Amino acid sequence: MEQLSQQDISRQLATVEAQYKALAGRKLSLDLTRGKPGSEQLDLCNHLDGILGGDYRSETGLDVRNYGGLDGLPEAKRLFGTVLGVSPENVVIGGNASLSLMYTVIDLALSAGLRGPESAWGNSDEVKFLCPVPGYDRHFAICEYLGIEMIPVPMLDTGPDMDVVEKQVGEDADIKGIWCVPRFSNPTGCVYSDETVERLAKLGSLAGDHFLVMYDNAYAVHSLYDDAPGLANISDYCEQHGTADSVFQFGSTSKITFAGAGVAFLASSTDNLAAFKHHLSFQSIGPDKVNQLRHVKLLQDPEGIAAHMRKHAAILRPRFEAVLATLERELAGTGMGEWLAPRGGYFISFNTRPGLAKEVVRLAAEIGVNLTPAGATFPYGKDPADSNIRLAPSFPSLAEVQETAEAFVVCVKLATLRQQLANS
Ligand code: PMP
């Protein structure tokens, strides 16, 4: 960061204070908090309603309006197996939320045990999980709620720092798992490298029994650009290393069709799926197969999904580019922040100078711009550097995204210049 004299800082600060005051006068009401699809995106799937045209038979002749089929329709397993890169027999189709599937897996491993009561994590005095940071707040919330201690692990451009992960797992048998969002991670947007994916697949042989890689591939098909990096297939590596029991993969159509009214799915080994289905059988007679059939009719096959996702990308790309262009124009080279330009997913991860994230979020809120609370991307809501802010540009209109980005950079500049002045 260039060294400015106190006079320079004061001069720049006066300009930014005036910009901030002008923004305050505009009575903005903008929201960049959560990664929700915008209404234009949701409109892409309105024809889900009525798509069955009165034909409620699955490919096996099953009447999908009735009870049964705890693990989902075969055609849905086939379709969504392609999203996770696994065979249909390794897939279970759930209800509307992959987060519920993740919760159920952790709950099962903790209480009943994946291989019976002896194997339950809850038999240990302490249960710990590795949490790459910054990461997804709802993963961390599951751990906190269930009393699992979270250990942060640095996130690199290639995924979690695997040297740290392997060291921790090797040294502490109470560590029972790790959270991962391998493609277009929430929030950094990085795609795990092939080496990281293979090392994750090998953790099962390094760790004690019943270690789980919670592989949440929520953005598996959510590229913004046709040339976005792909992801190595973890189940192939698991097969190679004999570790299929150590990985649960998850996905959903929440950001493909309707958020909260889509279809969720998971994949794992035969034994894990048997344990999972047994656990599930006490909670449900069966999932919403009507919705599963609707989704299969709408999306059809991997090409259908890819074509559909290109329509999402066309809507999302300008929003991401608006934020990135504004950051680039206003902040590049100033040392006031760092960010990555994601090639897919739903987020832009921004790092302020240490100690300023909370202040930037506060300044933004004061002028009507709601950002994800600072710290949300860290276990227990505590970002030790108070630096990370997650920007989610999908939901507002393009004009609002542009306005928000401009207001955001003013808040970043204001917080940074005030800090510089105080320290000068
Ligand atoms: N995983 C990640 C990484 C997410 O970002 C989200 C949505 N914000 C979810 C899971 C939630 O998925 P679902 O709607 O299927 O529960």
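**View 1. Ala313 on helix H11 is partly exposed.** With 17 C-beta neighbours inside 10 Å, Ala313 counts as partly exposed. The label follows from a count of other C-beta atoms within 10 Å of a residue's own, with C-beta atoms placed from the backbone: buried means 20 or more, exposed means 12 or fewer, and partly exposed is in between. The model shown is predicted, so local features need pLDDT of at least 70 and side-chain atom pairs count only at pLDDT 80 or more, while totals for chains, interfaces and linings use all residues. Residues are numbered from 1 along each chain as its sequence is written. Ala313 lies in helix H11; helices (H or I, at least four residues) and strands (E, at least two) are DSSP runs, numbered from the N terminus. Leaving aside residues up to four places away in sequence, Ala313 touches Ser223 and Leu224, where contact means that two C-beta atoms, placed from the backbone, lie within 7 Å. Gly345 is 32 residues from Ala313 along the chain, and the C-alpha atoms of the two are separated by 9.5 Å.

**View 2. Helix H11 lies across a sheet of three strands.** This open sheet has the order E10-E11-E13, and its pairing is antiparallel. Two strands pair if DSSP finds at least two bridges between them. At the edges stand strand E10 (337–339) and strand E13 (388–391), each pairing on one side only. From one strand to the next, the twist averages 25°. Strand E11 (residues 348–352) is joined to E10 by three bridges, and Trp339 has Phe350 of E11 as its bridge partner. Helix H11 (residues 302–331) runs at about 20° to E11; axes are lines fitted to C-alpha atoms, for helices over the stretch in contact, and angles run from 0 to 180 degrees between N-to-C directions.

**View 3. Here domain 1 meets domain 2.** Domain 1 covers 6–32 + 306–423 and domain 2 covers 55–300, with bounds that come from an automatic or database domain assignment. Taken over C-alpha atoms, the domain centres are 31 Å apart. The contact draws 23 residues from domain 1 and 26 residues from domain 2. On the domain 1 side, H11, E11 and E13 are the elements that give two or more residues, and H11 supplies the largest share, seven residues. By class, that side has 14 nonpolar, six polar and three charged residues. Here Ala, Val, Leu, Ile, Met, Phe, Trp, Tyr, Cys and Pro count as nonpolar, Asp, Glu, Lys and Arg as charged, and the others, Gly among them, as polar.

**View 4. An open sheet of eight strands has mixed pairing.** Its order is E2-E9-E8-E7-E6-E3-E4-E5. Strand E2 (91–93) and strand E5 (159–160) stand at the edges with a single partner strand each, so one side of each is left without a neighbour in the sheet. E2 pairs with strand E9 (residues 264–267) in the antiparallel sense over three bridges, and Val92 has Leu266 of E9 as its bridge partner. Helix H3 (residues 74–84) lies across E2, strand E8 (247–252) and E9, at about 115° to E2.

**View 5. Strand E3 is largely enclosed by the rest of the structure.** Five of the six residues of E3 (residues 128–133) are buried. E3 runs parallel to strand E4 (residues 149–156), joined by six bridges, and Pro132 stands opposite Val153 in E4. Following E3, a cis peptide bond joins Val133 and Pro134, with omega about 0°; Pro134 sits in the loop between E3 and helix H5 (137–145).

**View 6. Twelve residues surround the ligand.** Among them are Gly35, Tyr136, Asn186, Asp216 and Ser254; a residue is near a molecule if its C-beta atom, placed from the backbone, lies within 6 Å of it. The shell divides into six nonpolar, five polar and one charged. Asn186 is also joined to Pro187 by a cis peptide bond, with omega about 10°.

**View 7. Leu371 is buried in strand E12.** Leu371 has 26 C-beta neighbours inside 10 Å. Its contacts, not counting residues up to four places away in sequence, are Leu32, Thr33, Val361, Ala364 and Ile389.
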